[in-house]
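Student: I'm new to this one, and I'd like a close look at a single part. Could you walk me through the aromatic rings and the charged side chains around them?

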Amino acid sequence: MVKSRVIVRNRGRLAAIGATALLTAAAFVLPARAETDAKAVVKTYADIALAKYEDSLTTAKALDAAVDALIAKPSAETLNAARDAWKASRIPYQQTEVYRFGNPIVDDWEGRVNAWPLDEGLIDYVDGGYGTESDENSLYTANVIANKKIEIDGKEIDASKLTPEFLSETLQEAGDIEANVATGYHAIEFLLWGQDLNGTGPGAGNRPYTDYDTASCTGGNCDRRAEYLKSASTLLVSDLEEMVGNWKDGGEARKALDGEDAKAGLATILTGMGSLSYGELAGERMKLGLLLHDPEEEHDCFSDNTYISHLYDAVGIRDAYRGSYKRLDGSVVEGPSLANLVKEADPALDTELSGKLDTTVSKMEAIEARAVGGEAYDQQIAEGNAEGNATVQAAIDGLVDQTKSIERAVAALKLDAIAFEGSDSLDAPDKVFQ
């Protein structure tokens, strides 16, 4: 059987906008308008990035510890604990995705930690319905966990040691094929849940804990599966440590922003907001799957955690505008914001954009409510589910609508026009079916 799959991953490096306004007032005196310092707005943006990546690192370390516990003593309890730790790690990380667009250092790195979709047959065993080969990927069913030798670009490769270096340097995007995702959150997700074979019916992946039990091994190669999982978890921690360093004082990401003029920094903020809102989230991650009614286009497809990932992407966009982030420990990182600048330039526009950001988050929360109530995201996008489809479409509409106001903010701040990332799913849906 041959299975073909169109892999769509936009990695545009675009531009955006940001700003801040503060009013000062003394008793019995009319308020005086004080212009917000655009450089201070950019600093707030960078400070929040650091906090979010630090929280992502904290939860990745907790996941790594849970993986150690699973490998040491495989059981239903340790597997579920590792799954819970993976889910917890998605909440802060998804809020960082607004930094990907407009910051090349983040975009170049992102594929190591959050690339999707992936051809999971590269990593481990798959169901027969997955197919045996792909006309786009010779490693479609390489199953490196079961095979100590694989062939890449016509060369035999020693895969006897599934080390972090092997995964990151040899297997990740092997053959220059983006679907060969060997590292990051989604590789770990697959190893914890296995394939979701339920289509648009209820249920997520159901990998048994005995896939890691060398004494009562299911799935074969339990020792190598554990080795792969531990290496992937180790890499996730080290990759996030690298990105934390990039946002510290003197780090490469912060230096890149400091080296720009204030307007360029604001454009970076707005690029992230507009591109994630429109082309990436509304388009490639949501509208495409809804058009096709295809669970394969679900972002966290093995775990049915997609509703959380989409929600916190939307929260991250709002954070970037308001210049405020509540950390895992309950503390708040905040400062002069893009919202302040927009309010200073056009108070009505600030009210409009802020309201639309809240509306989008509420529409995402409606998806979450259905998921918590027992109807997973892949069920909501299923063909024939009119109410579920409408709930997802409402969130897409909110994202598209808020992007229009983000574009207006660019103009209000007198920044050069920004080309936000697009998507055929939104701009030319007929192409999706060609």
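**Rings and charges around Tyr-185**

Tutor: Let's start with Tyr-185, which is buried, with a relative accessible area of 0%. Bear in mind that this is a predicted model. Buried here means under 20% relative accessible area, so Tyr-93, at 2%, counts as buried too. These two tyrosines belong together: the structure holds 8 aromatic pairs, and in the one made by Tyr-93 and Tyr-185 the ring centres are 4.9 Å apart and the planes meet at 45°, so the pair is tilted. Tyr-93 lies in helix α2 and Tyr-185 in helix α5 (residues 185–193), so the pair ties together parts that are 92 residues apart in sequence. Tyr-185 has a charged partner as well: the charged end of Arg-90 sits over its ring, 4.9 Å from the centre. You can find another such arrangement at Phe-190, where the charged end of Arg-207 sits over the ring at 5.2 Å from its centre.

Now move along to Tyr-99 and Trp-247. They form an edge-to-face pair, with 5.5 Å from centre to centre and 70° between the planes. Tyr-99 is in the loop between α2 and α3, while Trp-247 is in helix α6, so to speak a link between distant parts of the chain, 148 residues apart. Both Tyr-99 and Trp-247 are buried. Add Tyr-45, and ring pairs link Tyr-45, Tyr-99 and Trp-247 into a cluster.

That loop has a charged side chain to look at too. Arg-100 meets Glu-280 in a salt bridge, 3.6 Å from N to O. Arg-100 lies in the loop between α2 (76–94) and α3 (104–114) and Glu-280 in helix α8 (residues 262–292), so this pair ties together parts that are 180 residues apart in sequence. Arg-100 and Glu-280 are both buried.

Helix α6 (residues 222–247), where we met Trp-247, also holds Lys-230. The side chain of Lys-230 forms a salt bridge with Asp-68, 2.8 Å from N to O. Asp-68 sits in helix α1 (residues 38–72), 162 residues from Lys-230. Lys-230 counts as partly exposed at 25% relative accessibility, and Asp-68 does as well at 33%.

One more salt bridge joins Arg-254 and Asp-249, at 3.7 Å from N to O. Arg-254 is buried at 5% relative accessible area, whereas Asp-249 is exposed at 69%. Elsewhere, salt bridges that share partners build one network from Glu-97, Arg-100, Asp-107, Glu-110, Glu-280, Arg-285 and Asp-313.

Definitions and conventions: Residues are numbered from 1 along each chain as its sequence is written. This is a predicted model: local features need pLDDT of at least 70, side-chain atom pairs count only at pLDDT 80 or more; totals for chains, interfaces and linings use all residues. Side-chain values use heavy atoms; hydrogens and water are left out. A salt bridge is a side-chain nitrogen of Lys or Arg within 4 Å of a carboxyl oxygen of Asp or Glu. Helices (H or I, at least four residues) and strands (E, at least two) are DSSP runs, numbered from the N terminus. Buried means under 20% relative accessible area, exposed over 50%, partly exposed in between (1.4 Å probe, protein chains only). Rings of Phe, Tyr and Trp (its six-membered ring) pair if their centres lie within 6.5 Å; planes under 30 degrees apart count as stacked, over 60 as edge-to-face and the rest as tilted. A charge sits over a ring if NZ of Lys or CZ of Arg is within 6 Å of the ring centre and within 35 degrees of the ring normal.
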